[in-house]
Amino acid sequence: MTVKGIPGVPDHRCEEYAPRASRCCVLIPIINEGGRIRRELERARAAGVPRLADIILCDGGSTDGCTEEETLRALEVNTLLTKTGPGRQGAQLRMGIWFALRRGYDGIVTIDGNDKDSIESVPLFLKKLEQGFDFVQGSRFIPGGVAERTPPLRWLAVRLIHAPVISLTAGVRFTDTTNAFRAYSRRYLEDTRVQPLREVFSGYELLAYLSTRAGQLGLRCCEVPVARRYPANAPAPTKIKGIRGNLDLLRILFANARGRYEPKG
C-alpha cells in the first residue's frame, strides 16, 4: 500500500506482513542499520516481545539490505513502513504514529534500531501503559538502569543540560531525556492539545516536544529502568554527529522550552 498526500504524514509505502495481533505496538525507526537491527530483532524474538506487542519498522529509506522481507518475516516483524517523502527521524516517527493510531493500537513504544537499548525491557513500558500512564520515559540513570560506555560528553550533556531543561519545561522530573526508548498512550497522542502529526517535526523536535507536553497537560508520566550499552570496540552508533549535530539538539531543546512546537490556536 502507498500512502500519499495526507497532511502531516510523510509519503510512504506500507508492507503488512501480518494483521494487528496486540493492543500495543513497538515502533523502531531505522536507516541503514545493517546487522544492528537484525541483532536487536533477534533479541526481541528471544525475549518474546513479538507476542506482547506488534513490531513495526519505520524505515527512512535504507539501501544496505537491512529491510529484506524474508529476514524481517523470520524475525517476526509485523509491518515495514518505508518513508518516501522528506524528513528525518521525526518524519519516520510521524509515519509510524499515524499508522499505529489508524490501526487502533492503545499504546506505542518507541526504541532506536541500533542495538544499544534493552529491547527486553518492553514489558515494563507495556505494564505502565496498562496502569494508565500516558508518557513513560526509559532511563539508564535510575535504580535498575544500566549505562555502559556512555561517551563522557554525552553523559554530561544529558545530565547537566538536557534533562534539567526538559524537566523544567515539563514540570516533571526526568533523568534520561535524549533516550528514545519510551511509550505513549493513545489518549496522549490523540489529545487535540498535542497534535504530533505536524510537519514542523522533521528531525529531533518531536522527541523533545513529546517529552514535555504530557507533563504540561497534567497527564500521567513516569520513568522505567532500561539499559543502554555502547559498543566497546566500535564508534558509537548515533545519528547525532559532531558539533553541528549537538548544536542542533540544543537549538531544539530551547525552542521547545519557549513553546515553539505547541499547537497554535
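## Helices and the predicted model

Helices are DSSP runs of type H or I with at least four residues, numbered from the N terminus. In this numbering, Leu-247 has its place in helix H8. The structure described here is a predicted model.

## Nonpolar surface patch

Leu-247 is exposed, its relative accessible area being 52%. This residue also belongs to a nonpolar surface patch of about 630 Å², which is made by Trp-155, Leu-156, Leu-160, Ile-161, Leu-247, Leu-250 and Phe-254. Two elements, helix H5 (152–170) and H8, give two or more residues to the patch. The largest share, four residues, comes from H5.

## Salt bridges within helices

The structure holds 18 salt bridges. One of them joins Arg-73 to Glu-69, with the closest N and O atoms 2.7 Å apart. Both residues lie in helix H2 (residues 69–74), where they are four residues apart, so about one helical turn separates them. Arg-73 counts as partly exposed at 43% relative accessibility, and Glu-69 likewise counts as partly exposed, at 34%.

A salt bridge is also formed in helix H6 (residues 186–190), between Glu-190 and Arg-186. Here the closest N and O atoms are 3.1 Å apart. Because Glu-190 and Arg-186 are four residues apart in this helix, they are separated by about one helical turn. The relative accessible area of Glu-190 is 43%, which makes this residue partly exposed. Arg-186 is partly exposed as well, with a relative accessible area of 22%.

## A salt bridge between distant segments

The side chains of Glu-262 and Arg-213 meet in a salt bridge, with an N to O distance of 3.9 Å. Glu-262 lies in the segment after helix H8 (242–257), whereas Arg-213 lies in helix H7 (residues 205–216); the pair therefore ties together parts that are 49 residues apart in sequence. With regard to solvent accessibility, Glu-262 counts as partly exposed at 26%, while Arg-213 is buried, with a relative accessible area of 11%.

## A salt-bridge network

Salt bridges also link four residues in a network: Arg-39, Arg-43, Asp-115 and Glu-120.

## Cysteines

A search of the whole structure finds zero disulfides. Cys-66 is in no disulfide, and the nearest cysteine sulfur, that of Cys-58, is 13 Å away. For a disulfide, the two cysteine sulfur atoms would have to be within 2.5 Å, so the sulfur of Cys-58 does not qualify as a partner for Cys-66. Cys-66 is buried, with a relative accessible area of 9%.

Cys-222 is likewise in no disulfide. In this case the nearest cysteine sulfur belongs to Cys-221 and is 7.8 Å away, which again does not meet the cut-off of 2.5 Å. Cys-222 is buried, and its relative accessible area is 13%.

Technical notes. Residues are numbered from 1 along each chain as its sequence is written. This is a predicted model: local features need pLDDT of at least 70, side-chain atom pairs count only at pLDDT 80 or more; totals for chains, interfaces and linings use all residues. Side-chain values use heavy atoms; hydrogens and water are left out. Buried means under 20% relative accessible area, exposed over 50%, partly exposed in between (1.4 Å probe, protein chains only). Patches are made of residues with over 30% relative accessible area and no salt bridge: like charges are joined within 9 Å, nonpolar side chains (Val, Leu, Ile, Met, Phe, Trp, Tyr) within 5 Å. Accessible areas come from the Shrake-Rupley method with a 1.4 Å probe; for residues, only the protein chains shown count as cover.
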